[in-house]
Amino acid sequence: MKAIRRFTVRPVLPEPLRPLSELAHNLRWSWHAETRDLFQSVDPEAWGAAGCDPVRLLGRVRPARLAELSGDRRFRRRLNAVADDLDDYLTGDRWYQAQPEGLPRAVAYFSPEFGITAALPQYSGGLGILAGDHLKAASDLGVPLVGVGLLYRHGYFRQTLSRDGWQQEHYPVLDPNELPLTQLAEADGTPARVSLALPGGRALHARIWLAQVGRVPLLLLDSDVEENDLGARSVTDRLYGGGSEHRLLQEMLLGIGGVRAVRTYCRLTGHPEPEVFHTNEGHAGFLGLERIAELCARGLDFDAALESVRGGTVFTTHTPVPAGIDRFERDLIARHFGPDAELPGIETPRILALGMETYPGGEPNLFNMAVMGLRLAQRANGVSLLHGQVSREMFAGLWPGFDTEEVPITSVTNGVHAPTWVAPEVLRLGARKIGTQRAEDALAVGGSERWDSVADIPDQEIWELRRTLREQLVLEVRERLSASWRQRGAGNAELGWIDGVLDPDVLTIGFARRVPSYKRLTLMLRDQGRLRELLLHPERPVQIVVAGKAHPADDSGKRLVQELVRFADDTRVRHRIVFLPDYGMAMAQRLYPGCDVWLNNPLRPLEACGTSGMKAALNGCLNLSVRDGWWDEWFRPDFGWAIPTADGTGLDVERRDDIEAAALYDLLEQRIAPRFYERGRGGLPDRWIQMVRQTLTLLGPKVLAGRMVREYVERLYAPAARSHRALTPDTAGELAGWKARVRDAWHAVSVDHVETTETSATAELGTTIGLRVRVGLGALTPDDVEVQAVSGRVDARDRITDATIVPLKPAGTPDLEGHRLYEGQLSLDRTGPYGCTVRILPAHRLLASAAEVGVVALPAEDAGEGAGVLLR
């Protein structure tokens, strides 16, 4: 019989055990080993059955066991020690509190998904895991962050395989009352709510769930409430599900509803109001519109409110391809905003103008969420050095007339939260050498350039650790593979072979990620005969563990999964290569440490960062990757191997895959496997161990999320907070009025004549030449602009590279025609072809970038298409 009503029955903990509830509902347990060990000791069998989730565990423990523990003085002492440690963690000063004054009082961090722990499955892949690691690192550093997301009742999806290897999706219903969440309530105990207006007089209501991530509150909005009609209740049903309108409503709830949730949380708890809003990808971009509406309601006009909002907003883009950005039809956006829907106080054309692709190559009827994110943020970044470059190229149309290098998008390379991803055995080894607290600080806070203490660890200990982790992975793989085959319909009698799958003494390669085509899951299958030879080599065999999910709507991705599964099902090789379904955090935490080599072979440069290799590296796993994302930035032969890329012009995709797959096989066959199996005098693979040591010593400190969040604080959050404070209603109005005046007058701004004191076509290194420039400023004054000399080496097309910029100074008064003279000097500090030009840019003390206004004037002979055209 099916239940017609469901209840969540919570345990009543004896008074001495009450701290267990607080420990279970603060997700610090997901990365704090002592807390996890404490919960495991409550009931080891129930702990495993509960999926290592303390909330579920407490719901399963027998009352008799709780009574027994409440009388166990030793357990109570241990419980109180862990609870006191959490209290110290939550209330003590950390890195952020030791910084100079001026940092933001609070930062709101918006993301469509968060991967905190497998017990809270609200993520699909790298974007969510990165967001979760960002929150955890912020907590460790003491950064006053507030996370904002949606609570998806079905999460992403659970993956199984059919008998013939086809991916199948399952959507289990998640009950928030059974998750490590609490419902945000008003002072009278009623649930806190936010609401959005929908077309036709309807409304979208959502309650607010709170997940406590260490020191960081994470607010999750849930539309499955009785006040909503059936359509509105389903808005937060699935992550990345549904059609365009469904996705739009999700993103409106995340952005607009998210700001309202933050305001509600701060009102109810006294938490400081955020001075900086960080938009993690364009999905949350509507948060800027809500903040503009707030300011307009206080009396600011739209333009002044826009400047104020931009000053305190940071936008991070994660996609290197336009296809990865959410775009909506103009009419759909128009229907959901305006007098009969949401934000009625803002004219719909002003909203549309923020997201329309009104630039060369854009589609003018599409509303682009990333474009809106960039237009609403004064500061923007990509997630690796290479991705920053790709992003500047991808969005250069928003800044016509500027070189790609000057597009105001910087980069902060992603990092990973080491306490989450480092195996306990690795942490314990470090703790034995430098002490537990120093080891935890090194992983969580970071700050050092090198981990030199790794040099003191004997080779034998490193190799024994690697073998232990590999053996644990082998056991995990066999257990998961057996469960998968039973789901595929196999009986126990058919599965005896699984006991021989993988070998703890064989070189183990890992490959796990989402399965879009550009990540090339099946590149390793390009020459199946050659791959079989590598797997079955009599002296230097290789074994491979593969995992990954294709998007439910991506049949081409599912075909890639099926192709890999069918190869792995071959009786000749199934003991050497496996595909594990349902890739997620719980699997990943065993997979990364247990592999010797982490494989990544995307089409360069389509991997924005690719943090899985970072997690592997922190466990002493070596990387084998195309030089894309973070690996392009930090690759050294000490840390692993770079797969050569075949990216010549005119090379078709098939030929490129053939070349790069052959290079992959060559590396495995000629360099990687021989080094792994090579033994020195002591019977150890000395050269391999040295690479592991170098990975931990030099690469480990770089890949930390603590390093990443410190960079966000210093390079983006702190400047954004200063801009937020500087842009008071009066100064925001001043800046908006100044920009409007400059844009209106810019058509009359010109570089009319340039003279140099050097008339020869050659000059000696170190020569100083004078520049004399005549410019027209129209209705503007010298205070409104900066006239610059731009010089440097020139390429074959006479384009200046690696430019040096020197401001020129006004000389004298305007002539009878209103033209002005500017003068300055250039030092010829480089040999070879050299060139210079002159340009005029707007200048104002409140600008974050000279490109921000979106106009530039160049000499007529150098003017490119779009020069001097309004950017926004």
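This is a short dialogue on reading a predicted model.

Student: Where do I start with the overall fold? What is the count of helices and strands in the chain?

Tutor: Start with secondary structure. This chain has 28 helices and 27 strands. Then look at overall extent. The radius of gyration is 29 Å, and the globule rule gives 29 Å for 872 residues, so the chain is as compact as a globular protein of that length. Along the principal axes, the C-alpha atoms fill a box of roughly 95 × 70 × 50 Å.

Student: How is the chain divided into domains?

Tutor: Read the residue ranges, and watch for split ones. Domain 1 covers 15-91, domain 3 covers 448-700, and domain 4 covers 745-842. Domain 2 is written in pieces: 109-155 + 205-415 + 717-726.

Student: Take domain 2 and domain 3. How far apart are their C-alpha centres?

Tutor: The centres lie 34 Å apart. For the interface itself, turn to contacts. Here 23 residues of domain 2 are in contact with 21 residues of domain 3.

Student: What area do domain 2 and domain 3 bury between them?

Tutor: About 1,500 Å², with 69% of it on carbon and sulfur atoms. Next, ask who contributes. On the domain 2 side, Pro320, Leu386 and Thr413 supply 31% of the area buried against domain 3, more than any other three residues.

Student: How many salt bridges and polar contacts are there between domain 2 and domain 3?

Tutor: Keep the two counts separate. The salt-bridge count between these domains is 0. For polar contact, the count is 5 residue pairs, both partners at pLDDT 80 or more.

Student: Which helices each supply at least two residues of the side of domain 2 that touches domain 3?

Tutor: Map the interface residues onto the elements. α7 (126-141) and α15 (385-394) each supply at least two. α15 gives the most, with 4 residues. Then sort that side of domain 2 by residue class: 11 nonpolar, 10 polar and 2 charged.

Student: Now the backbone. Which residues does a cis peptide bond join?

Tutor: Check omega. Between Arg604 and Pro605 the bond is cis, with omega about 5°. Then place the residue in the fold. Pro605 sits in the loop between β18 (597-600) and α23 (612-617).

Student: And phi? What is the value at Cys52?

Tutor: Look for positive phi in a residue other than glycine. Cys52 is such a case, with phi near 60°. Locate this one too: Cys52 is in the loop between α3 (44-49) and α4 (54-60).

Note on methods: Residues are numbered from 1 along each chain as its sequence is written. This is a predicted model: local features need pLDDT of at least 70, side-chain atom pairs count only at pLDDT 80 or more; totals for chains, interfaces and linings use all residues. Side-chain values use heavy atoms; hydrogens and water are left out. Domain bounds come from an automatic or database domain assignment. Contact means heavy atoms within 4.5 Å. Buried area is the accessible area (1.4 Å probe) that two parts lose on being put together, summed over both. A salt bridge is a side-chain nitrogen of Lys or Arg within 4 Å of a carboxyl oxygen of Asp or Glu. A polar contact is a pair of N or O atoms within 3.5 Å; within protein, one must be able to donate a hydrogen and the other to accept it, and residues adjacent in sequence count only if both atoms are side-chain atoms. Ala, Val, Leu, Ile, Met, Phe, Trp, Tyr, Cys and Pro count as nonpolar, Asp, Glu, Lys and Arg as charged, and the others, Gly among them, as polar. The radius of gyration is taken over C-alpha atoms; the globule rule is 2.2 Å times the number of residues to the power 0.38.
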